[in-house]
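Please explain how this protein is organised, beginning with its domains and its ligand and then turning to individual residues.

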Amino acid sequence: MTIRSTTVAVVGAGPAGLVLAHLLRRAGLDVTVHERLTRSALEGAARAGVLEHRVVEYLRRLGLADRLTAEGERHGRCEISCLGEEVTVDYGALSGGARHWVYPQQLLVRDLVDRYLADGGTIAFGSPVEAVVPDAAGRPVLRTPDGELRAAYAVGCDGAHGVVAAAFPDGAEGPGRRYPYDWLTVLARIDRPVAAVRYAVHADGFAGMMPRTADVGRFYLEVPAGERLEGWDADRIRAALVHRLGLGGAAPVPGELLETGVLRMRGRVARRMRHGRLLLAGDAAHTVTPSGAKGLNSAVADAADLAGALPAALDGDDGALDGYQRRRLEAAWRTQEFSDRLLDLLHLPAGLPPEQREFALRLRLERIRRIAAPGPEGAAFARDYAGAGELAGPGVWPPAQRSAVASRTTAR
Ligand code: FAD
């Protein structure tokens with residue numbers, strides 16, 4: 001059996017794994033990345049598309065956002081409709097200038113892969129890590145289709161239910177919530193671009209419309225928890241979206257449905273992101289519903305923080321990885337609280353009798369008007385929503401300077 005060794009084994013080439021791998025290589029570390037999907041399957045998986053201001057600024061400073069900023073769009077307003085009133089939240093202005101970038105996740109992943117390979121990195125595609133076990137000295141050993149991989153550290157960037165979390169004694173479990181509804185998720189052709197994110201708070205249930213590209217939009221429809229897709233044919237989906245979101249006129253109308261699914265709505269935060277030489281980042285440690293567009297953004301923020309902590313730990317700073325865990329668990333809870341608050345605004349309480357719905361909608365309209373108005377509440381919402389401020393991460397090394405950075409080897 002082949003036995004390989006590396007300093008940092010990264011499991012998963014999603015946004016968290018790719019950003020981490022870029023940064024660690026630039027810090028001169030030996031990094032090995034395993035991804036269970038083939039390259040084409042990885043680069044074809046459409047999920048997120050709304051990226052925070054601070055995340056894109058960070059990627060831009062790394063030189064990893066050239067295509068994103070050339071082809072992506074900036075969005076600083078969203079519309080929330082309720083009881084026939086359409087409220088525009090100008091979060092770009094309310095936050096003092098922070099706006100989203102809209103760029104599909106699969107294109108960002110493609111760009112990160114392209115650049116990683118061009119910079120000399122390698123990714124083992126179609127190569128799932130089957131298990132992670134400790135050796136006699138407590139160092140991780142990864143079982144892969146290419147044989148054993150021995151590492152100083154293994155980082156699970158492998159999404160929810162990952163193999164690295166499974167190697168934690170408690171399975172990296174933590175508190176979670178199953179929401180009393182699910183979302184039907186739809187990618188559809190549209191006849192004109194989505195000018196702004198639109199949320200509908202509606203007596204029949206929430207609906208959402210998000211920009212993706214000029215001719216494709218992402219749509220969401222609240223459905224009962226446990227709903228199956230079979231009862232929803234294309235005409236029913238289109239009719240519900242048009243009705244709840246008030247589409248037509250200047251707003252795009254969904255045409256051909258390119259992809260449909262049902263997202264089980266859950267939030268979860270692991271109690272720990274570190275167990276000895278095992279670490280977690282991104283969805284592997286916390287999953288958040290797409291309500292506030294935070295999952296990918298949090299994954300990149302974890303990677304940026306860990307890319308500072310891991311080299312420090314390898315240089316003998318014993319507290320560096322615990323610091324990573326503390327900062328990023330605190331951030332994960334802030335993100336959950338924001339997304340949970342937004343979900344509460346967008347959905348009526350479960351089981352509310354029809355005669356009480358107008359009252360609940362009217363209360364929500366008050367809250368929508370408050371977050372759209374200038375003042376501390378509007379500013380706080382806007383800053384959280386757009387991801388104002390800066391990501392905490394290591395000093396950024398452009399690739400050209402990487403050779404000047406002291407080279408670290410697998411010996412530690
Ligand atoms: P992932 O992207 O899940 O990557 C994990 C990778 O690990 C995968 O490529 C997987 O194949 C690989 N892997 C798993 N197990 C193994 C193994 N054993 N060996 C090797 N490889 C393995 N977030 C936002 O910020 N903004 C949005 O607008 C947004 N919209 C969303 C819309 C939808 C419909 C959905 C479902 C999610 C959305 N999200 C959004 C969330 C976002 O997509 C995720 O949070 C993000 O992908 C997390 O990145 P990650 O790198 O942690 O994990």
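The paragraphs below treat the domains, the ligand shell and a selection of residues in turn.

The model discussed here is a predicted one. Its domain assignment gives two parts: domain 1, built from the segments 3-76 + 97-176 + 268-346 + 389-410, and domain 2, covering 180-264. Taken over C-alpha atoms, the centres of domain 1 and domain 2 are separated by 30 Å. To the contact between them, domain 1 contributes 14 residues and domain 2 contributes 17 residues.

The ligand brings both domains into the description, since its shell draws at least three residues from each of domain 1 and domain 2. A total of 33 residues surround the ligand, and the closest are Ala16, Glu35, Gln105, Asp283 and Leu296. By residue class, the shell divides into 16 nonpolar, 9 polar and 8 charged residues. Helix H1 (15-26), strand S16 (216-224) and helix H9 (295-314) each supply at least two residues of this shell. Of the elements concerned, H9 gives the most, with 4 residues.

Several backbone atoms of the protein lie at short listed distances from polar atoms of the ligand. A backbone N or O atom of Leu296 is 2.8 Å from an oxygen atom of the ligand. A polar backbone atom of Pro15 is 3.2 Å from an oxygen atom of the ligand. For Arg36, the partner is a nitrogen atom of the ligand, which lies 3.0 Å from a backbone N or O atom of that residue. On its own the ligand has 1,000 Å² of accessible area, and the protein covers 91% of this.Where does His286 lie, and is it buried or exposed? His286 is placed in strand S21 (residues 286-287). Its relative accessible area is 6%, and because this value is under 20%, His286 counts as buried. The side chain of His286 makes a polar contact with the side chain of Asp302, at 2.7 Å. Not counting residues up to four places away in sequence, His286 touches Asp302 together with Arg268, Val269, Met273, Ser298 and Ala332.

Two helices follow. In helix H3 (residues 53-61), the buried residues are His53, Val55, Val56, Tyr58 and Leu59. After H3 comes Gly63, which has a positive phi, near 75°. Helix H6 (residues 105-118) contains Asp111. Asp111 has a relative accessibility of 9% and therefore counts as buried. With residues up to four places away in sequence set aside, Asp111 touches Arg67, Leu68 and Tyr103.

Positive phi values also occur at two residues that are not glycine, His161 and Ala172. His161 has a phi of about 65° and is found in the loop between strand S11 (147-156) and helix H7 (163-166). Ala172 has a phi near 55° and is placed in the loop between H7 and strand S12 (176-178). Which of these loop residues is exposed, and which is buried? His161 has a relative accessible area of 84%, so it is exposed. Ala172, at 2% relative accessibility, counts as buried.

The last residue to consider is Arg244, found in helix H8 (residues 234-245). What is its relative accessibility, and how does it count? The value for Arg244 is 9%, so this residue counts as buried. Its listed neighbours, leaving aside those within four places in sequence, are Ser81, Ala200, His202, Asp204, Gly205, Phe206, Ala207, Leu221, Glu222 and Trp232. One of these, His202, is 42 residues from Arg244 along the chain, yet the C-alpha atoms of the two residues are separated by 6.3 Å. Another, Asp204, has its backbone oxygen 3.4 Å from a polar atom of the Arg244 side chain.

Definitions and conventions: Residues are numbered from 1 along each chain as its sequence is written. This is a predicted model: local features need pLDDT of at least 70, side-chain atom pairs count only at pLDDT 80 or more; totals for chains, interfaces and linings use all residues. Side-chain values use heavy atoms; hydrogens and water are left out. Buried means under 20% relative accessible area, exposed over 50%, partly exposed in between (1.4 Å probe, protein chains only). A polar contact is a pair of N or O atoms within 3.5 Å; within protein, one must be able to donate a hydrogen and the other to accept it, and residues adjacent in sequence count only if both atoms are side-chain atoms. Contact means heavy atoms within 4.5 Å. A residue is near a molecule or strand if one of its heavy atoms lies within 4 Å of it. Ala, Val, Leu, Ile, Met, Phe, Trp, Tyr, Cys and Pro count as nonpolar, Asp, Glu, Lys and Arg as charged, and the others, Gly among them, as polar. Domain bounds come from an automatic or database domain assignment.
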